[in-house]
Protein chains: 6
Amino acid sequence: MNILAVGAHPDDLEILCGGTLALYAGQGHKVTMAVLTNGNVGHPDIEPDEMAKIRKGEFEAAAAIIGAETIWMNVDDELSVVDLDARLHMVDVLRLANPDIILTHSPDDYHVDHCNTSQLVFEAAPLACVYRLKRELPSTPKQALIYYFDTLGAVNFLPTEYVDISNVIDTKKKMIYCHKSQVEYMKTATGFGMDDVVENVARVRGFAAGVPYAEGFRRLEAWYRGTAKRVLP
Amino acid sequence: MNILAVGAHPDDLEILCGGTLALYAGQGHKVTMAVLTNGNVGHPDIEPDEMAKIRKGEFEAAAAIIGAETIWMNVDDELSVVDLDARLHMVDVLRLANPDIILTHSPDDYHVDHCNTSQLVFEAAPLACVYRLKRELPSTPKQALIYYFDTLGAVNFLPTEYVDISNVIDTKKKMIYCHKSQVEYMKTATGFGMDDVVENVARVRGFAAGVPYAEGFRRLEAWYRGTAKRVLP
Amino acid sequence: MNILAVGAHPDDLEILCGGTLALYAGQGHKVTMAVLTNGNVGHPDIEPDEMAKIRKGEFEAAAAIIGAETIWMNVDDELSVVDLDARLHMVDVLRLANPDIILTHSPDDYHVDHCNTSQLVFEAAPLACVYRLKRELPSTPKQALIYYFDTLGAVNFLPTEYVDISNVIDTKKKMIYCHKSQVEYMKTATGFGMDDVVENVARVRGFAAGVPYAEGFRRLEAWYRGTAKRVLP
Amino acid sequence: MNILAVGAHPDDLEILCGGTLALYAGQGHKVTMAVLTNGNVGHPDIEPDEMAKIRKGEFEAAAAIIGAETIWMNVDDELSVVDLDARLHMVDVLRLANPDIILTHSPDDYHVDHCNTSQLVFEAAPLACVYRLKRELPSTPKQALIYYFDTLGAVNFLPTEYVDISNVIDTKKKMIYCHKSQVEYMKTATGFGMDDVVENVARVRGFAAGVPYAEGFRRLEAWYRGTAKRVLP
Amino acid sequence: MNILAVGAHPDDLEILCGGTLALYAGQGHKVTMAVLTNGNVGHPDIEPDEMAKIRKGEFEAAAAIIGAETIWMNVDDELSVVDLDARLHMVDVLRLANPDIILTHSPDDYHVDHCNTSQLVFEAAPLACVYRLKRELPSTPKQALIYYFDTLGAVNFLPTEYVDISNVIDTKKKMIYCHKSQVEYMKTATGFGMDDVVENVARVRGFAAGVPYAEGFRRLEAWYRGTAKRVLP
Amino acid sequence: MNILAVGAHPDDLEILCGGTLALYAGQGHKVTMAVLTNGNVGHPDIEPDEMAKIRKGEFEAAAAIIGAETIWMNVDDELSVVDLDARLHMVDVLRLANPDIILTHSPDDYHVDHCNTSQLVFEAAPLACVYRLKRELPSTPKQALIYYFDTLGAVNFLPTEYVDISNVIDTKKKMIYCHKSQVEYMKTATGFGMDDVVENVARVRGFAAGVPYAEGFRRLEAWYRGTAKRVLP
């Protein structure tokens, strides 16, 4: 299968579904990681242009660990919008990745860039496969299923499906450590790092799933877009 | 009463509330059917401009069966947006139809054009009757009640009110068959037609309502916009 | 139609659906008011046996105002249970009243007697019409629809249907004043009376319904027990 | 795996999860069908004792079609209760079937016997594997996962998982036709049969799942009782 | 603390959280009242420009009663939008007020201006404290907590926290009476005034909170933006 | 204030609200810990009678750490029921502890003993203060507020209020270690201990609350039983 994960900021996918992506990749599926914004305001001491370059590098390094393709959508951090251009931009991303499955943010997450990413994926999914909607790339053969991954810190999210990431928890953390600019800054700012968040949330989702470490998901229920199979790894 | 139904694509109203509209019309109410998009990408083998013309004709033919007025909003298919122009366009539609009751898509439906239609109706309803909001047409005398009709395939929707469409199920299907370009293409693409969807969903909603065939609805609960009467047929 | 209202304590029906019952009665429907408990611990200064007698009288006086039949189930106050005997007792009540419509407490109300009343009605409704379930009275010809009325103080309840009680608000209050033992004691204990509660809640439900005074309801959604008609007054 | 399905009445399992059971059986899993009540009031013209015998035979015939084991719990129809004896009776059933997966009614279904079945399964599941809870049969080695199947007529139920039963829809209907006493009586009473209900609901759930015929489920989310695998067929 | 309340129209804050603001102010906190639109279509007989001036005056008079600062965002009434400019405008408002706590509309309210206000506050709250997001004013030191106040008429809103406004109910009403242009017009149009709405809703919320008059709230649950303290007065 | 915590099994309170109890005790409030069942089937190698004795000792040792009173309700483990005797037993517990605040299990927890504890507390709370409901102990002067604590493993629970337990996390763990029979057995059975669960869940709830370690709660919303104050520590 082709798997497309779409995150809002350059480190979101690693934090929220990195284990699942590692498993997909390990099973031989083609994994594409797309990120909507360039994260250019992600550090007080670094100029935005410089920051965007650093974060792109960190993102690509993390993707390389599992051999994933990357798509850098390059919207300025905190400034994502939901309009027609953004919708068509996301259609282009879907046509490029041609996914069977899309993993993205929950519509109820805490940050506008997360919510907009989720909304744009929701909007683009049926459009990507409309033949007469002409873009540079041709339409995809079928609609992808959408799975919403957990929110940051497991706030306000009740999963209905789980992926056992116990065997890839170290890979997931390695992917997170690639985002050095963020991990270090966050430790300074809050006293804990994203690795702590990931460790604790994955354990708690594991308590629900009956495994040591898990990631939690909900599937978008929509006309003819359900599935009667396990498509998560 | 004046009844306004607003659908996203030229065949949505027939599928989702066609029976209810037939009943309203049969009771002598004035029924107006508005459609936001022109459905111009609705067939892989037909050019958009040509397709839009065909679908306008199909839509008008379906409306003619029950003697409904039509409003063709002519937004390009898949490309609807929620912005100020779109809101005011919908205000104009409401002022033209001057409805007591509006039937439209649920905000939780599966397609961006459905969701946007629902949102624009929600936004426009209080504005249509604001005297000082100057448009070509004068403000309406009062706010319309909004009823959300079922989703396509009854996915993710729990009705709280039902309309018994047993006596008009054939009319409803006739309205759907007017959308020849869609019915035929869908059968090819999926192996079943919209008449099958309508038949099965209406039976299932009927099981809940205790009648052979039903359509399901929820009313928008909002300040001073409820009702203590049955206004559905 | 035959209307059956089932309350937990002798004054609950008046407070929570008295206006609707007055309207039903005024329209010529047969209204039966049943009360599960005898309210015998309803006053600190009055012995339970004496209290039960007083409350039965108050209840019958209130019912008499609208010409309703009464059923006194005589379970001790605060001591209702959900077991097989209680279920069959409620079946007997339903067979006696033979209702088309039942009004009762929401399953999410605040007091165990309210919740148990609601649960017993839910349990008994399908059983009342089972021919082979032999009781003293024969089975009823069909299942009644169940409407849940508002909770005390409108806490934790979102109505989906409203009844305009503006014309009978005084009748409703008169019914409440029949429960003299409660109205007076409550004013002493809390500084306000049930008439205040009723006044404020009916106004607030009226804001939602677009009328001066309203009572709010939700219908139990259940297999073949919905309706495609307005059955509330 | 060992699969245990627990229904309230002798035909509930066939109607609500018969296709899934057929698939499990076809895949070589051991399927046990348990039924809480004996359905003895299921026909106006047949004496309860006689009826119970007939329904046991119908139930066993249906189970035989897919080679399922049966457990007849023999509680009188409409008279199920939730108490300690009933809980321990269900523990015994679970210890006998030793299930990996349990399919049962949703807690929000429409009939007290359905709700009680669901509640008793919920209560018994953790207890079945408690070593020190001494019953005739020894404790099971581990807790079973609980899946709630659809409600009758798909009322008030939003599935999160689907099973594609397109290949076994005929088997499912054959199982239902075994319940001759019910199928015929229902047609007389309502004008339609359980085969119609099954046909329409399975199509509608199929629209959500993207397959011709489907059954819908929700999994109980509970401490250490989730799963990170597909366990439905 | 610094408290920022953001309303859609010039009288919304007084109606929906005026008591709470009065208490905050009385406790010595710095209260800022911001209003998104200028309310310029608020009266059929008054020209928009004139109306906007009047309403600004009324708003400032109401704020003056409790000594609150004001921010007049001056978007035309009924015409608010959610786009990037609007988001950054709200960021500027947050940087100006530098709030610890923000009170604003529920995302599920009835009017597009209410919903947009809520959405813009949600979007702006994390951005206000991003150092590298350069605006005229510097970033704030920390994220504010967001509390959603009740909806108009308490429709569709279930509070989880309450503020006892019994001691300031008169102040709240005085603030509302400052909006003379609205209070009078509403009485003419509907037969009741905002003071009636406030009286009845505050009593009903008081029934839930166990006090004479209350205002109800829900807190936005979001990553690291909860609190383990009482921050409402 | 008087604080009453009611758990289902002898170690539940420590796991689910031990930090909050420690804080209450540290602030000088009177804390009573009640436990419904005796936990007598809590170990495969220990006879029930012996086990109950051991667990009572462990429970008392844990309570002693924070100086809490204890109430041992001594229902056999896994065999709790909701009936009239159980309700009155709980009324007696409430009259003994005379609480301002009750902390207990969520009604949606995973184990029948947890759910029954929650239900019995819900039922008993209004009854405890009914003067005419005669028991050995006199009625309490007022209804207690009910707070539901988190579920085991944070499954299926969305808190609305948090308590910062960072300063007492070690005390909480010490209380848990008192339950030696359980901690050791669980590590053998599952590979992790309750201290791990507590650590991870408290961190995750802390992410939502913006503190290092937190416990999460929801308050029962019910007639006149809300509060407009912070009553959690």
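**Entry 1: Asn116(C)**

I started with Asn116(C) and skipped its neighbours within four places in sequence; that leaves Ser80(C), Val81(C), Val82(C) and Arg87(F) as its contacts. One of these, Arg87(F), carries the label of chain F. Note to self: this is a predicted model.

Where does Asn116(C) sit? I found Asn116(C) in helix α4 of chain C, which covers residues 112-128.

Buried or exposed, then, for Asn116(C)? I got 7% relative accessibility, and the cut-off for buried is under 20%, so Asn116(C) goes down as buried.

**Entry 2: chain A against chain D**

Next I pulled up the contact between chains A and D. I have 23 residues from chain A and 23 residues from chain D taking part. The two chains bury about 1700 Å² between them, and 51% of that is on carbon and sulfur atoms. I then asked which three residues supply the most of what chain A buries against chain D. They are Phe207(A), Tyr224(A) and Ala228(A), with 29% of that area.

I looked at which elements give two or more residues to the side of chain A that touches chain D, and got β6 (161-164) and α7 (194-209) of chain A. Of the elements, α7(A) gives the most to that side, with 4 residues. Sorting that side of chain A by class, I have 12 nonpolar, 5 polar and 6 charged residues.

How many salt bridges are there between chain A and chain D? I came up with 0. Polar contacts did turn up: I have 10 residue pairs between chain A and chain D, counting pairs with both residues at pLDDT 80 or more.

**Entry 3: symmetry, A and D**

I laid chain A on chain D: a turn of 180 degrees, a shift of 0.0 Å along the axis, and an RMSD of 0.0 Å. In chain A, I find that the C-alpha nearest the axis belongs to Arg230(A), at 2.7 Å. As for the surfaces, 100% of the interface residues of chain A are also interface residues in chain D, so I note that the copies meet through the same surface.

**Entry 4: symmetry, C and B**

I ran the superposition of chain C on chain B too, and it came out with an RMSD of 0.0 Å after a turn of 180 degrees with a shift of 0.0 Å along the axis. I therefore have these two copies related as by a two-fold rotation axis. In chain C, Arg230(C) has the C-alpha nearest the axis, 2.7 Å from it. I also see 100% of the contact residues of chain C recurring in chain B, with the same surface serving both copies.

Notes. Residues are numbered from 1 along each chain as its sequence is written. Chains are lettered from A and ligands numbered from 1 in the order in which they are written. This is a predicted model: local features need pLDDT of at least 70, side-chain atom pairs count only at pLDDT 80 or more; totals for chains, interfaces and linings use all residues. Side-chain values use heavy atoms; hydrogens and water are left out. Contact means heavy atoms within 4.5 Å. Buried area is the accessible area (1.4 Å probe) that two parts lose on being put together, summed over both. A salt bridge is a side-chain nitrogen of Lys or Arg within 4 Å of a carboxyl oxygen of Asp or Glu. A polar contact is a pair of N or O atoms within 3.5 Å; within protein, one must be able to donate a hydrogen and the other to accept it, and residues adjacent in sequence count only if both atoms are side-chain atoms. Ala, Val, Leu, Ile, Met, Phe, Trp, Tyr, Cys and Pro count as nonpolar, Asp, Glu, Lys and Arg as charged, and the others, Gly among them, as polar. Buried means under 20% relative accessible area, exposed over 50%, partly exposed in between (1.4 Å probe, protein chains only). Copies are superposed by least squares on the C-alpha atoms of residues with pLDDT of at least 70 in both.
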